Amino acid sequence: MSERHPIISITGSSGAGTTSVTRTFENIFRREGVRAAVVEGDSFHRYDRLEMKKKAAEAEAAGNKNFSHFGPENNLFAELAELFRSYGETGTGMRRKYLHDTDEAAPYHQEPGTFTAWEALPPDTDLLFYEGLHGGVVTPEADIARHPDLLVGVVPVINLEWIQKLWRDKSKRGYSTEAVTDTILRRMPDYVNYICPQFAHTHVNFQRVPMVDTSNPFIARDIPSADESMVVIRFANPKGIDFQYLRSMIQDSFMSRANTIAVPGGKMELAMQLIFTPFIWRMMERRKRALAA
């Protein structure tokens, strides 16, 4: 953790909704005039798209049924931890981009599914902002969770997470239900060992809970809407959180535990704005004092 060069990390599995959380933070940064160095978790995968397909085929032929993007063998955990360490100490570090589609790849004259070259972070940024799968991972070789000043978990209940992944991969990427199901099953050991444990290290967790029947996610025809959901917000340390103010600002919210508030799904972005804007204010005030000292 660093007062001069703070780090915000948003972590959650594929299809969990971390991208929506990122948009909320981008709005806060724009409104408050915060210059953020943005790092995407996909850029710290070890292999590009074609290499990953080749490695997955080799693993399958060797009898490895659990080869996935979630595990350490397919990610650069040590390099991500080094980026966090370097930024926290000096405000600098190295990043690259993963080019998901043709629109992202076109400016670089590269194929989709490839990485750009490593490059230095922009100079004179106010904070580092990470969004991806592994922002709170702890392994014997890399302790990423110890670096962020604010570590946020985005964790739908697992049936909802599967519905979101099924819908995205089928409608946006053309996969069959069977293919997506195979991916979910293949990832499960790494999900249990490397995704779930992160949420024991987070400072705040957002978990969307559908208020409709999702008993069989593999036959669901659509994703439960925000208005058909509640969001459970858990604070690891509720000291300084004004729950009475949050409840007064968010209609139909309620406290379920001393460190937990539940809000209507449609109010998730409002809740994030109310919760995280003061966090950003305090970060920037501490940074200003530290730089002046």
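In this short talk I will go through two helix pairs, a few strands and two single residues of the structure shown above.

Before anything else, please keep in mind that this is a predicted model, in which local features need pLDDT of at least 70 and side-chain atom pairs count only at pLDDT 80 or more, while totals for chains, interfaces and linings use all residues. Residues are numbered from 1 along each chain as its sequence is written, and side-chain values use heavy atoms, with hydrogens and water left out.

Let me begin with strand 8, residues 150-154 (strands, E, of at least two residues and helices, H or I, of at least four are DSSP runs, numbered from the N terminus). Because 5 of its 5 residues are buried, strand 8 is largely enclosed by the rest of the structure, where buried means under 20% relative accessible area, exposed over 50% and partly exposed in between, with a 1.4 Å probe and protein chains only. Leu150, Val152 and Val154 point one way from the strand, Leu151 and Gly153 point the other way, and all are buried.

What does strand 8 pair with, given that two strands pair if DSSP finds at least two bridges between them? Strand 1, residues 7-11, runs parallel to strand 8 over 4 bridges, and serine 9 has leucine 151 as its bridge partner there. Strand 9, residues 204-210, also pairs with strand 8 in the parallel sense, over 3 bridges, with glycine 153 standing opposite asparagine 205.

Moving along the chain, valine 155 lies in the loop between strand 8 and helix 5, and it is buried, with a relative accessible area of 12%. Leaving aside neighbours within four places in sequence, valine 155 is in contact (heavy atoms within 4.5 Å) with Phe199, Asn205, Phe206, Gln207 and Arg208.

That loop leads us to helix 5, residues 158-171, and to how it meets helix 6, residues 177-195: their axes come within 10 Å and cross at roughly 135 degrees, the axes being lines fitted to C-alpha atoms, for helices over the stretch in contact, with angles from 0 to 180 degrees between N-to-C directions. That makes helix 5 oblique to helix 6, since angles under 35 degrees count as roughly parallel, over 145 as roughly antiparallel, 65 to 115 as roughly perpendicular and the rest as oblique. By class, this contact has 7 nonpolar, 3 polar and 5 charged residues, where Ala, Val, Leu, Ile, Met, Phe, Trp, Tyr, Cys and Pro count as nonpolar, Asp, Glu, Lys and Arg as charged, and the others, Gly among them, as polar.

The second helix pair is helix 1, residues 18-32, with helix 8, residues 268-292, whose axes come within 10 Å and cross at roughly 50 degrees. That makes helix 1 oblique to helix 8. Among the residues making the contact are Phe25, Ile28 and Phe29 of helix 1 and Met272, Phe276 and Trp281 of helix 8, and by class the contact has 9 nonpolar, 4 polar and 3 charged residues.

Two smaller items remain. Strand 11, residues 254-257, pairs with strand 12, residues 260-264, in the antiparallel sense over 3 bridges; a hairpin joins them through 2 residues, and phenylalanine 254 has alanine 262 as its bridge partner.

Finally, is serine 86, in helix 3, buried or exposed? At 13% relative accessibility, serine 86 counts as buried, and, not counting residues up to four places away in sequence, it touches Gly91, Thr92 and Gly93.

Notes: Two strands pair if DSSP finds at least two bridges between them.
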